[in-house]
Amino acid sequence: MESYLFGGDTFLPDSDIRGGAAMERMRESEQMLNRTALTLPGADVSFRVQFWGNNPTHYDNPVHKHSVFEICYVWDGVGEYGEFEGEERVYPLRQGTLFCSRPGVVHQIRSASGLSLSFVSFDVDENRSSPEEVERFRRLASDAEVCLYDAGGAPTVSLWRALLLPSEPHLRLSGASASGVAHALLRSFADVFSPRRPANDVRRTHSTEHLLRRAKLFVRDNLDAPLTLARVAEYLNVSERHVSRIFAGGIHESFNGYVREERIRQAEYLLTHTDQAIKDIAERTGFGTVHSFTRAFARKTGLPPGRYREERGGER
């Protein structure tokens, strides 16, 4: 048997997908995912899944559209995918094709002989996701690469196989492990379907995103210390102007505004989840004095820290 994942027979190859054992395992995995992996929270992006599905013989479906993303992978068979936005665009489908139906796009899947498909329908929970991740998926909705061919060896498809096709029932992921892999799968779609850009543009974008992540982490890890553009610029070994620019361009917020928001966010957490004294929280979040902390906190939340703790303390 052909094997995947670190050289072991961990899950079944595509060539066995229409077999009875494979389909039974896919059905069991699908049921598990629809019980345990419909809400997928994450540090930067959270997802709401409408359904996970598999169809061993998918023929023609009606012309229709979704309000959410629907991503499909072709395990076997041939057919075509059509989009009807103005002039019809038709994409051939074959084994190893990964394709994306975007929100609001009228489309249809057609096959005379039947396609073996897996699919997942989902959207981003924008209230629980960072502005950067929300924007990534908004861009995907507007200009995704619709079809990726010969994607069977891609990490994205390996994640899908790991969820659906263990070679033995006892190797199936469950609980938190399955949810973690499911989250990674959905998040990977924003990478694999993003329009291809010139290599120098990709390097420049990735470099900026990397610097922004490092800067934000430095801020979060050092809230109890003075945080200035100069200090962060020194840490990153770039100019103060560049730090200011990556915040404005990356999250559309000033550096000082981000620091202030992070101080308040951490203070809210400490007030509702710990019994630390307000004076200690003021110092730990970098406000210095109780007076400065109280003034900034009340301006942001509408409540002084003590009152906020009284009203939200039940969250502990």
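F47 is buried, and F137 is buried too. In this predicted model, the two residues form an edge-to-face aromatic pair. Their ring centres are 5.5 Å apart, and the planes meet at 75 degrees. F47 belongs to strand β2 (residues 47-58), whereas F137 belongs to helix α2 (residues 131-143). The pair therefore ties together parts that lie 90 residues apart in sequence. F47 and F137 also belong to a wider cluster. Ring pairs link them there with F69, F122, W160, F189 and F193.

A second pair joins two strands. The ring centres of Y81 and Y91 are 6.3 Å apart. Their planes stand at 35 degrees, so the pair is tilted. Y81 lies in strand β4 (residues 79-85) and Y91 in strand β5 (residues 87-93). This pair thus ties together parts ten residues apart in sequence. Y81 is buried, and its relative accessible area is 0%. In total, the count of aromatic pairs comes to 18. A ring also takes part in a contact with a charge: the charged end of R214 sits over the ring of Y235, 5.2 Å from the ring centre.

The chain holds eleven helices and nine strands. Helix α2, which carries F137, has 13 residues. From first to last C-alpha, α2 reaches 18 Å, close to the 18 Å expected at 1.5 Å a residue. Its buried residues are E132, E133, V134, R136, F137 and L140.

Helix α8 (residues 255-273) has 19 residues. At 1.5 Å a residue it should span 27 Å, and its end C-alpha atoms are 27 Å apart, which agrees. Residues buried in α8 include F255, G257, Y258, V259 and R263. Also among them are I264, A267, L270, L271 and T272. E262 is in α8 as well. E262 has a relative accessibility of 9%, so this residue counts as buried; the cut-off is 20%. Beyond its neighbours within four places in sequence, E262 is in contact with V219, R220 and L223.

V192 is in helix α4 (residues 175-192). Its relative accessible area is 19%, and V192 is buried, since buried means under 20%. With neighbours within four places in sequence left aside, V192 is in contact with L98, L148 and T156. The C-alpha atoms of V192 and A144 are 9.1 Å apart, although 48 residues separate the two in sequence.

Across the chain of 316 residues, 46% count as buried. About 16000 Å² is exposed, and carbon and sulfur atoms supply 50% of this area. Among contacts with a separation of 6 or more, residues 24 or more positions apart account for 70%.

Confidence varies along the model. The mean pLDDT of the chain is 85, and 86% of the residues reach 70 or more. Residues 1-15 stay under 50. For this stretch the model has 40 contacts beyond four places in sequence. Residues 197-206 are also below 50 in pLDDT. Beyond near neighbours in sequence, residues 197-206 have two contacts in the model. Where pLDDT is low, predicted coordinates should not be read in detail.

Methods:
Residues are numbered from 1 along each chain as its sequence is written. This is a predicted model: local features need pLDDT of at least 70, side-chain atom pairs count only at pLDDT 80 or more; totals for chains, interfaces and linings use all residues. Side-chain values use heavy atoms; hydrogens and water are left out. Rings of Phe, Tyr and Trp (its six-membered ring) pair if their centres lie within 6.5 Å; planes under 30 degrees apart count as stacked, over 60 as edge-to-face and the rest as tilted. Helices (H or I, at least four residues) and strands (E, at least two) are DSSP runs, numbered from the N terminus. Buried means under 20% relative accessible area, exposed over 50%, partly exposed in between (1.4 Å probe, protein chains only). A charge sits over a ring if NZ of Lys or CZ of Arg is within 6 Å of the ring centre and within 35 degrees of the ring normal. pLDDT is the predictor's confidence in each residue, from 0 to 100. Contact means heavy atoms within 4.5 Å. The expected span of a helix is 1.5 Å times one less than its number of residues. Accessible areas come from the Shrake-Rupley method with a 1.4 Å probe; for residues, only the protein chains shown count as cover.
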